[in-house]
Amino acid sequence: MTSWYRRILPRTLLGADAESPSNEDDTRPTIALMLGGGGARAAYQVGVLNYIAEAFPDFRFSLLTGVSAGAINTTHLANHVGTFRQAASSLVSNWEELTADRVFDVNSGFAVMRQLFADREPVGRSAAAARQRGVLDPSPLRTFLYEKMAAHDNSLRGINQNVRTGWLKGVAVVTTSYTTGQTVTWVQGGTFDEWERPDRIGREAELSVEHVMASTALPLVFPPVRIGDAWYGDGGVRLMAPLAPAVHMGANRIMVIANRYKPSQEEAERPSVQGHPPLAQVMGVLVNAVFTDALEQDAENLRRINRLVRQRAAHNGQSTPTAGAARPRERVIDLLQIRPSVSLSTFAHEYIDELPTAIRYLVSSTGGHEMRSNDWSSVLLFARGYIDRVLEIGYHDARRQHDRIATFLHEERVEAGGANTA
């Protein structure tokens, strides 16, 4: 067993440093929803949630955690004061309104690139673009979130209301500190101990739109966001344990909605492009490393620990520690992963022409047009046709897994080989 495994997993996944929840008599499972990043591909999460809310209208996730584009979706659910069905429907409507010009200033990339090669001092619009310190200016997204979340004073007041009513135990947004290099998770609500490790910390906060903007600030593409006296960026950059926030907050079941298709070995070995890889392919690998790779490893570690906990309990003649009763130091944390049935990148090229000229140029200049599957362009593909298609895929994928989801959400106990298989 490696030193990394010993150092991270027992604390992260076995809850060694967390106290039991304050409500000792609550025997219901505490179910968390974890949503990762992926830019426009995060519409898949919304499609899945739309079906879950339609099929199980009385259900609510009591814990919500999100990073990057997933933070937009989780904070929307946490801030909406209506039913889960209403919150999911509102989220779908928001995504249906999203276009590239409502996410970033479509001309900002041109302005920055021009300034990089200019000999004179920037003036006017170019000066503002140069100061943004990112290829794209996400000011339109900030305006969009303020409007849709009714955050006129920057605060997300619906979260406090939902915590007070009791259906929401807590919500977490993950960022990366450019000052310390640590992963910083901001948590509102819930009974948890602030955690502190050399590479990651958890802090209590009253969440705002700026926390969400920081979590979505993909390095180089979007500028850092200031929170307090420090600057933050996309939470996936150094996120080694994506499931950890949900565990720290008291989850004993975690649903993860991924947006990356898991290819067969034959598909994985099929090259996306012949010859020297273009920049778009390199960027796609980096994007997946930020958004998905750590999650896959953390999920596998969790399944391994679950097996060990069950084996130890069986050896000692004890029942398996799981959902219900007080949270023990070592417990089974059931995991359900929902992922796309098809790659969300293979059809991205069909919608590139819907993007503004500046973004099409950004995609083509990195060699995206040469690739069979382009993860990089799909992240930026805030085009009406693409988002509609991804929403539909998510909805139908969830519908096909109705029985699996129902078992995970409603059974008192999920045994090995059930919902904990992905």
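# Close-up views of a predicted model

**View 1. Strand 2 sits beside strand 1 in this predicted model.** Let us start with one pairing: Ala32 has Leu63 of strand 2 as its bridge partner. Strand 1 (residues 31–35) and strand 2 run parallel and are joined by four bridges. To get from strand 1 to strand 2, the chain passes through helix 2, and this β-α-β crossover is right-handed. On to the next neighbour: strand 2 also pairs with strand 3 (residues 170–177), again in the parallel sense, over five bridges. Here Leu64 is the residue that stands opposite Val171 of strand 3.

**View 2. Both faces of strand 2 are covered.** How many of the five residues of strand 2 are buried? Five of the five in this strand (residues 63–67) are, so strand 2 is largely enclosed by the rest of the structure. It is worth checking each face in turn. In a regular strand, side chains alternate between the two faces of the sheet. One side of strand 2 carries Leu63, Thr65 and Val67, the other carries Leu64 and Gly66, and all of these are buried.

**View 3. Ser68 lies in the loop between strand 2 and helix 3.** This is a nice spot for anyone who likes backbone angles: Ser68 is not a glycine, yet its phi is positive, at about 60°. Is Ser68 buried or exposed? With 3% relative accessibility, Ser68 counts as buried. Beyond the loop, helix 3 is mostly covered, with 11 of its 11 residues buried. Among them are Ala69, Gly70, Asn73, His76 and Asn79.

**View 4. The largest nonpolar core has 88 residues.** Which residues have the most contacts inside this core? They are Phe61, Phe104, Met255, Tyr386 and Leu409. Helix 2 (residues 43–55) gives the most to this core, with eight residues. A second core, separate from the one above, has 22 residues, including Val67, Val174, Val187 and Leu335. Zooming in on Phe104, and leaving out residues up to four places away in sequence, we find that Phe104 touches Leu136, Asp137, Pro138, Pro140, Phe222, Ile359, Leu380 and Phe382.

**View 5. Helix 7 (residues 139–148) has buried residues on the same side.** The buried residues of this helix are Pro140, Leu141, Phe144 and Leu145. They cover an arc of only 135° around the axis, which is why they fall on the same side of helix 7. What covers these buried residues? The cover includes helix 3 (69–79), helix 4 (84–97) and helix 9 (209–215). Ala150 follows helix 7 and has a positive phi, near 50°.

**View 6. Asp153 and Asn154 are found in the loop between helix 7 and helix 8.** Asp153 is partly exposed, its relative accessible area being 42%. In sequence Asp153 and Val209 are 56 residues apart, while in space their C-alpha atoms are 9.5 Å apart. Asn154 is a residue other than glycine with a positive phi, near 80°. Asn154 counts as partly exposed at 22% relative accessibility; the cut-off for buried is under 20%.

**View 7. Glu354 lies in the loop between strand 9 (334–338) and helix 13 (357–365).** Glu354 has 42% relative accessibility and so counts as partly exposed. Which residues is Glu354 in contact with, leaving aside its neighbours within four places in sequence? They are Ala383, Arg384 and Gly385. The C-alpha atom of Glu354 is also separated by 8.8 Å from that of Phe382, 28 residues apart along the chain.

**View 8. Gln401 is found in the loop between helix 15 (384–400) and helix 16 (402–410).** Gln401 is buried, as its relative accessible area is 18% and the cut-off is under 20%. Gln401 and Ile338 are 63 residues apart along the chain, and their C-alpha atoms are separated by 8.6 Å.

**View 9. The whole chain has 16 helices and nine strands.** For context, buried residues make up 57% of the 422 residues in the chain. Of the contacts between residues at least 6 apart in sequence, 78% join residues at least 24 apart. The accessible surface of the chain is about 18200 Å², and carbon and sulfur atoms account for 51% of it.

Key:
Residues are numbered from 1 along each chain as its sequence is written. This is a predicted model: local features need pLDDT of at least 70, side-chain atom pairs count only at pLDDT 80 or more; totals for chains, interfaces and linings use all residues. Side-chain values use heavy atoms; hydrogens and water are left out. A nonpolar core is a set of buried Ala, Val, Leu, Ile, Met, Phe, Trp, Tyr and Cys residues joined through side-chain atoms within 4.5 Å. Buried means under 20% relative accessible area, exposed over 50%, partly exposed in between (1.4 Å probe, protein chains only). Helices (H or I, at least four residues) and strands (E, at least two) are DSSP runs, numbered from the N terminus. Contact means heavy atoms within 4.5 Å. Accessible areas come from the Shrake-Rupley method with a 1.4 Å probe; for residues, only the protein chains shown count as cover. Two strands pair if DSSP finds at least two bridges between them. A crossover is right-handed if, with the strands pointing away from the viewer, the path from the first strand over the helix to the second runs clockwise. The arc is that of the directions from the helix axis to the C-beta atoms.
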